[in-house]
Amino acid sequence: MSIEIANESGVNVDETSIVSAARYALDKMEVSPLAELSILLVTLDVMEDLHERWMDLPGPTDVMAFPMDELDSSRRPDAPDASPALLGDIVLCPAFAKDQAKTAGHALIDELHLLTVHGVLHLLGYDHAEPAEEREMFALQKRILGEYQDAVAALDKRDAQRSTDDRVLGIAGLDAPAAEPPAGETP
């Protein structure tokens with residue numbers, strides 16, 4: 001899966017983490033590994049322009065999704081004629097999302113993960129214009145985001161344990177293999 005990210009927002013964010021959230025959501029939704037996605041982080045002014053131009057709504061917003069190709073969900077990813085599917089673009093506005101994160105009581109990166117998953121679902125055809133659609137999309141979004149956060153927490157825990165183990169082994173002198181004696185010498 002190819003995911004490109006460009007940060008033109010002027011806000012310093014963990015771009016790798018955003019790509020990770022997008023990849024996780026696409027994997028959970030069983031999107032072809034040949035799929036291509038672009039994520040763009042923009043300023044308030046750029047987002048306001050896009051929002052007005054494409055949605056005919058005033059002011060900036062947090063996330064917009066621009067689908068490219070119609071997905072053929074009936075085609076298997078391992079089919080002989082499989083070709084890359086251009087999913088489209090997700091546009092995020094970290095400056096706008098910052099206030100939402102504060103209101104929600106979590107970090108900006110958590111809000112950007114939520115918006116990334118939201119954008120992925122829009123690219124896959126989900127919407128929230130009608131109450132039933134909203135319930136379906138937001139439940140799916142909540143489940144994927146929760147599973148992603150659990151997976152990240154498990155990896156962080158594993159890495160912390162590995163670091164502790166390496167430190168203990170180092171203190172005990174068990175962190176490096178014994179050096180081989182030079183040829184012809186015995187230990």
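**Note on the predicted model**

1. F66 has a relative accessibility of 19% and is therefore classed as buried, a call that rests on the cut-off of under 20% for buried residues. The model discussed here is a predicted one. F66 also belongs to a nonpolar core of seven residues, which includes M47, V91 and C93 as well, and this core is separate from the largest one.

2. The aromatic contacts deserve a look at this same residue, since F66 pairs with W54 in an edge-to-face arrangement, with 5.8 Å between the ring centres and 75° between the planes. This is one of two aromatic pairs in the structure. The W54–F66 pair connects distant parts of the chain, because W54 sits in helix α2 and F66 in strand β3, 12 residues away. While F66 counts as buried, W54 has 53% relative accessibility and counts as exposed.

3. W54 is also part of a nonpolar surface patch that it forms with M55 and L57, the three together having about 340 Å² of accessible area. L57 lies in the loop that runs between α2 (44-55) and β3 (63-67), and with a relative accessible area of 40% L57 is partly exposed.

4. As to the overall architecture, the protein has five helices and four strands, and from the N terminus these elements follow the order β-α-β-α-β-β-α-α-α. Of its 187 residues, 30% are buried, and the protein exposes about 11600 Å², of which carbon and sulfur atoms supply 53%. Among contacts between residues at least 6 apart in sequence, 64% join residues that are at least 24 apart.

5. The largest nonpolar core comprises 32 residues, and the members that touch the most others are L37, I39, I90, L92 and L112. At least two residues of this core come from each of α1, β2 (36-41), β4 (86-92), α4 (108-123) and α5 (131-171). Leaving aside neighbours within four places in sequence, L92 is in contact with a list of residues that includes I18, I39, M47, V63, L112 and L115, and also D62 and T116.

6. S17, in helix α1 (residues 15-28), is a buried residue at 13% relative accessibility. Apart from its neighbours within four places in sequence, S17 is in contact with I109, H113 and Y148.

7. The structure holds three salt bridges. In one of them E147 pairs with K28, with the closest N and O atoms 3.2 Å apart; because E147 lies in helix α5 and K28 in helix α1, this pair ties together parts that are 119 residues apart in sequence. E147 also meets R143 in a salt bridge of 3.5 Å, N to O, and these two residues are four apart in helix α5, so about one helical turn separates them. Through the shared partners, K28, R143 and E147 are joined into one network. The three residues of the network are partly exposed, E147 at 25% relative accessible area, K28 at 38% and R143 at 41%.

8. The remaining salt bridge joins D49 and R53, with the closest N and O atoms 2.4 Å apart. D49 and R53 are both found in helix α2, four residues apart, or about one turn of the helix. D49 is partly exposed, with a relative accessible area of 37%, whereas R53, at 54%, is exposed, a call that rests on the cut-off of over 50% for exposed residues.

Methods. Residues are numbered from 1 along each chain as its sequence is written. This is a predicted model: local features need pLDDT of at least 70, side-chain atom pairs count only at pLDDT 80 or more; totals for chains, interfaces and linings use all residues. Side-chain values use heavy atoms; hydrogens and water are left out. Patches are made of residues with over 30% relative accessible area and no salt bridge: like charges are joined within 9 Å, nonpolar side chains (Val, Leu, Ile, Met, Phe, Trp, Tyr) within 5 Å. Accessible areas come from the Shrake-Rupley method with a 1.4 Å probe; for residues, only the protein chains shown count as cover. A salt bridge is a side-chain nitrogen of Lys or Arg within 4 Å of a carboxyl oxygen of Asp or Glu. Buried means under 20% relative accessible area, exposed over 50%, partly exposed in between (1.4 Å probe, protein chains only). Rings of Phe, Tyr and Trp (its six-membered ring) pair if their centres lie within 6.5 Å; planes under 30 degrees apart count as stacked, over 60 as edge-to-face and the rest as tilted. Contact means heavy atoms within 4.5 Å. A nonpolar core is a set of buried Ala, Val, Leu, Ile, Met, Phe, Trp, Tyr and Cys residues joined through side-chain atoms within 4.5 Å.
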